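Hi there,

Here is the structure I promised to pass on to you. Have a look around first, and then read on for what turned up.

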Amino acid sequence: MKAAVVDRTGGIPVLSDVSEPVPGDGEVLISVEAVAVENVDRAIVAGTHYTAAAFQASLPAVPCFDGIGRLPDGTLVGFGGLTPPNGALAQFAVVPAAYAPPVPEGIDPAEAAALSSAIAGMSMQTAAGLTAGESVLVQGATGVAGRLAVQIARLLGAGRIVATGRDDDALADLTNLGADAVINTAVDDRALVEAYRDQANGGYDVVVDFLWGRPTELLTRALTPDSFVMPKPTRLVHVGVAAGETIELAGNALRTSGLEIYGAGRNMATGMAAAYQQVVDWVRTGELKMNVTTMPLSRIEEAWQRTDLRGSRLVIVPD
Ligand SMILES: NC(=O)c1ccc[n+]([C@@H]2O[C@H](COP(=O)([O-])OP(=O)(O)OC[C@H]3O[C@@H](n4cnc5c(N)ncnc54)[C@H](OP(=O)(O)O)[C@@H]3O)[C@@H](O)[C@H]2O)c1
């Protein structure tokens, strides 16, 4: 079968012939239909992700570890549970049967492949307990996951929604998705702290943070009061590290602001099924718009190197 194979750390996947996997006891053969290429997949190939060691030790290996495919009886399923060197960027995959739940009817396989980014946005509810009317700040809102988070905030009944990014045109488009105000983070530190304060309008109840790094560090400064007033506490959900792996967090940012920081995985074990169903329902009704760009597996080298897909998820479809 054809598969995209990476032969070295940071290499570009190359279309190659590899032997077709054979299912063992308790496993199923999947005919792959769609695989989303996410930042985490690129970081694993680059060797920079905290889970990258197994992939690097298995080189040459096939990247991406979940996707959408069909069982031999034609049932459309989501699949996961692959371990290096066996990845999803291939015509076929073998996974444990328990890792191949059916995909609900009425959803396009390419959109289904990209749903995990929408589920990450649901953490504003599952991890931070967002309730209708509360204000939301989406950090990194011009990205794929951020654009979904803005829509999800609106669909969950958020009050004021503020969105950040670095490109004015991309930010302007977010107002069409539900943002009430935008902040361009590509300004100097002082201006960015001011912008966070100017747009807070009484405080951010929930922050969905795909950035971390410098913008989030400056946000924690902006949330810190400069008097003894007790500001409205903010629940920040950390989802991604697009702007940096670490932040410097001053003690008073926690002590006096009432800031609470959660990981996106908080409550996901119990909330995942409902979050998934909610997102699927919104996609089916057209209320939540996924932005995907599909390319065939045969053009994986070109696809992997595309840099023009801002805000759109690359989805590979075997041909
Ligand atoms: N935990 C999960 O389940 C989950 C799911 C999805 C995503 N994530 C994580 O969330 C993050 C975003 O994912 P994504 O798929 O939305 O990525 P993406 O489409 O590449 O978007 C990245 C976002 O971050 C901004 N950004 C990138 N570098 C920046 C920098 N140095 N300073 C300020 N802003 C910067 C981008 O702004 P521009 O538009 O100006 O480039 C964009 O808004 C990633 O870390 C990803 O791994 C986690």
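Helices (H or I, at least four residues) and strands (E, at least two) are DSSP runs, numbered from the N terminus. With that in hand, you can place Pro 85, which sits in the loop between strand 5 (76-79) and strand 6 (92-96). Please keep in mind throughout that this is a predicted model.

**Two unusual peptide bonds**

What is special at Pro 85? The bond that leads into it from Pro 84 is cis, with omega near 10 degrees. A cis bond also runs from Leu 59 to Pro 60, this time with omega near 0 degrees. Pro 60 belongs to the loop between helix 2 and strand 4 (67-70). These bonds deserve a second look because most peptide bonds are trans.

**How the chain is divided**

The domain assignment splits the protein chain into domain 1 (2-114 + 290-317) and domain 2 (118-263). Notice that domain 1 is written as two stretches of the chain. Measured out on the model's C-alpha atoms would be the wrong phrase for a prediction, so let me simply give the computed value: the two domain centres are 31 Å apart, taken over C-alpha atoms. Seven residues of domain 1 are in contact with nine residues of domain 2.

**The ligand**

Where does the ligand lie? Both domain 1 and domain 2 give residues to the shell around the ligand, so it lies between them. Of the 19 residues around the ligand, the ones that come nearest are Asn 39, Thr 142, Arg 166, Arg 310 and Arg 313. By type, the shell holds 10 nonpolar, six polar and three charged residues.

Three neighbours in the sequence reach oxygen atoms of the ligand. A polar side-chain atom of Thr 142 is 2.6 Å from one such oxygen. Gly 143 uses a backbone N or O atom, at 3.1 Å from a ligand oxygen, and Val 144 also uses a backbone N or O atom, at 2.9 Å. On its own the ligand exposes 920 Å², and the protein buries 75% of that. Helix 4 (115-121) and helix 6 (144-155) are the elements that give two or more residues to the shell.

**Gly 311 and Ser 312**

Next, try the loop between helix 12 (300-304) and strand 14 (313-317), where you will find Ser 312. Gly 311 is in that loop, between helix 12 and strand 14, as well. Is Gly 311 buried or exposed? It counts as buried, because its relative accessibility is 8% and the cut-off for buried is under 20%. Ser 312, at 10% relative accessibility, counts as buried too.

Gly 311 touches Thr 142, Gly 143, Val 144, Arg 147 and Asn 291, leaving aside residues up to four places away in sequence. With sequence neighbours left out in this way, Ser 312 touches Val 144, Asn 291, Val 292 and Thr 293. The side chains of Ser 312 and Asn 291 are also joined by a polar contact of 3.3 Å.

**Asn 184**

Which side chain makes a polar contact with that of Asn 184? It is the side chain of Asp 168, at 3.0 Å. Asn 184 itself is part of strand 9 (residues 181-184). A polar atom of the Asn 184 side chain also lies 3.3 Å from the backbone oxygen of Arg 166. Residues that Asn 184 touches include Gly 165, Asp 167, Leu 171 and Leu 192.

**Helix 1**

In helix 1 (residues 39-46), the buried residues are Asp 41, Ala 43, Ile 44 and Val 45. They pack against strand 3 (27-37), helix 2 (52-58) and helix 12. Just after helix 1 comes Gly 47, with a positive phi of about 80 degrees.

**Two asparagines with a positive phi**

Most residues other than glycine have a negative phi. Asn 201, which is not a glycine, has a positive phi of about 50 degrees. Its place is the loop between helix 8 (189-200) and strand 10 (206-209). Asn 201 counts as exposed because its relative accessibility is 58%.

Asn 267 is not a glycine either, and has a positive phi of about 65 degrees. You can find Asn 267 in the loop between strand 12 (260-263) and helix 11 (268-285). At 39% relative accessibility, Asn 267 counts as partly exposed.

Enjoy exploring!

How values were computed:
Residues numbered from 1 in each chain as written. Predicted model: local features only at pLDDT ≥ 70, side-chain atom pairs only at ≥ 80, totals over all residues. Heavy atoms only, no water. Near = heavy atom within 4 Å. Polar contact = N/O pair within 3.5 Å; in protein donor to acceptor, adjacent residues only side chain to side chain. Areas by Shrake-Rupley, 256 points an atom, 1.4 Å probe, with all protein chains shown as cover. Nonpolar A, V, L, I, M, F, W, Y, C, P; charged D, E, K, R; others polar. Domains from an automatic or database assignment. Buried < 20%, exposed > 50% of the residue type's maximum accessible area, 1.4 Å probe, protein only. Contact = heavy atoms within 4.5 Å.
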